[in-house]
Amino acid sequence: MSKKHAYEGKGLTVTFEAARCIHAAECVHGLPDVFDPQARPWVAPDAAAPEALEKVIEACPTGALRYRRADGEDEAPDTEATFSVVADGPLHARGDLHLTLPDGSTERLTRLALCRCGASANKPFCDNSHDEAGFRDNGGLGAESAKPVEEETAPPIKLRLRPDGPVVVEGNCTVRSADGATAHQGGQVALCRCGGSARKPYCDGSHKRNGFKAD
Ligand code: SF4
Ligand code: FES
């Protein structure tokens, strides 16, 4: 795990993991008095009410920002797990997510941005390399449309990285296109992270032909 900075406030302690921050919007625009990149420290947790701060942090799509309440409670995950495709960009995942990393460790996450262009230097997380790589995908779900959930599964959702291949999601989740259309998947779904699938966001086996390398 990359380095995390903690900013202690009376109501909330905010943590920030710079390596996962890719996107200058929700925090700085949502609460400019709290998140000021020009100030040191750049996060001032007591400059807003805890409820307002929680809301803005929960909108951080990458999970770079997280919080812990003064009573020791962490952010509660969304009850429904969702994987939302960003056109020409990553996959935003939300829910009670247990990600097994290549070193075998497991991280419990509520929000993360998964690389799907294959170019990130911080795989499986997005680092904005899709811009430089010229990754193009309209964010649609192709011929896939909403499917009934075959079997109800209880959270957490498990995310496993197949070496040189997709991320395999185990558990019920909703896959959402960039324009909000959804395809429900029960059980297991393999999501492309090499950028080469012809049926993005799903894996179609192209990683075997295009020489994708990832732990
Ligand atoms: S909302 Fe999250 S990803 Fe976006 S700039 Fe703030 S910390 Fe970074
Ligand atoms: S990971 Fe891209 S096709 Fe399998």
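Where does Asp-164 lie? This is a predicted model, and Asp-164 sits in its loop between strand 7 and strand 8. Let's start there and work outwards. Asp-164 isn't a glycine, yet its phi is positive, at about 60°. For context, most residues other than glycine have a negative phi, and most peptide bonds are trans. Asp-164 has 14 other C-beta atoms within 10 Å, so it counts as partly exposed.

Arg-162 shares that stretch of chain, as it too is in the loop between strand 7 and strand 8. Arg-162 is classed as partly exposed because it has 13 C-beta neighbours inside 10 Å. Arg-193 is 31 residues away from Arg-162 along the chain, with 9.8 Å between the two C-alpha atoms.

Now step along into strand 8. Strand 8 runs antiparallel to strand 11, and 4 bridges join the two. Val-167 has Leu-191 of strand 11 as its bridge partner. Strand 11 itself shows an alternating pattern: the side chains of Val-189 and Leu-191 point to one face and are buried, whereas those of Gln-188 and Ala-190 point to the other and are not. Back at Val-169, the contacts beyond four places in sequence are Ile-157, Leu-159, Gln-188, Val-189 and Leu-191.

That brings us to the packing. In soluble globular proteins, nonpolar side chains tend to be buried together. Here the largest nonpolar core has 29 residues, and the ones that touch the most other members are Leu-97, Leu-112, Leu-114, Val-169 and Leu-191. Elements giving two or more residues to this core include strand 5 (91-100), strand 6 (106-114), strand 8 (167-170) and strand 11 (188-191). There's also a second, separate core of 15 residues, with Leu-12, Cys-27, Phe-35 and Tyr-67 among them.

How does the chain divide overall? The domain assignment gives domain 1 as 4-69 and domain 2 as 82-210. Taken over C-alpha atoms, the centres of the two domains are 25 Å apart. Where they meet, 7 residues of domain 1 are in contact with 11 residues of domain 2. The domain 1 side of that contact is made up of 4 nonpolar, 2 polar and 1 charged residues.

Turning to the start of the chain, strand 1 (residues 4-8) and strand 2 (residues 12-17) pair in the antiparallel sense over 5 bridges. A hairpin of 3 residues links strand 1 to strand 2, and His-5 stands opposite Phe-16 in strand 2.

Then there's ligand 1. The residues around ligand 1 include a run of neighbours in sequence, Cys-21, Ile-22, His-23, Ala-24, Ala-25, Glu-26 and Cys-27, along with Cys-60, Thr-62, Ala-64 and Leu-65. By class, this shell has 8 nonpolar, 2 polar and 1 charged residues. Cys-27 turns up twice in our tour: it's one of the residues around ligand 1, and it also belongs to the second core.

A few backbone details are worth a look while you have the structure open. The peptide bond joining Arg-40 and Pro-41 is cis, with omega about -5°. Pro-41 is in the loop between helix 1 (26-30) and helix 2 (50-58). Another cis bond runs from Lys-123 to Pro-124, with omega near 10°, and Pro-124 is found in the loop between strand 6 and helix 3.

That loop between strand 6 and helix 3 (129-133) is also the place of Ser-120. Is Ser-120 buried or exposed? It's buried, because 22 other C-beta atoms lie within 10 Å of Ser-120. Not counting neighbours within four places in sequence, Ser-120 is in contact with Cys-115, Phe-125, Cys-126, Asp-127 and Ser-129. Ala-214 is 94 residues from Ser-120 along the chain, and their C-alpha atoms are separated by 9.9 Å.

We can finish with Asp-88, in the loop between strand 4 and strand 5. Asp-88 is not a glycine, but its phi is positive, about 60°. With 16 other C-beta atoms within 10 Å, Asp-88 counts as partly exposed.

How values were computed
Residues numbered from 1 in each chain as written. Chains lettered and ligands numbered in written order. Predicted model: local features only at pLDDT ≥ 70, side-chain atom pairs only at ≥ 80, totals over all residues. Near = placed C-beta within 6 Å. Nonpolar A, V, L, I, M, F, W, Y, C, P; charged D, E, K, R; others polar. Core = buried A, V, L, I, M, F, W, Y, C linked by C-beta atoms within 7 Å. Buried ≥ 20, exposed ≤ 12 C-beta atoms within 10 Å, placed from the backbone. Helix = DSSP H or I, 4+ residues; strand = E, 2+ residues; numbered from the N terminus. Contact = placed C-beta atoms within 7 Å. Domains from an automatic or database assignment. Pairing = 2+ DSSP bridges.
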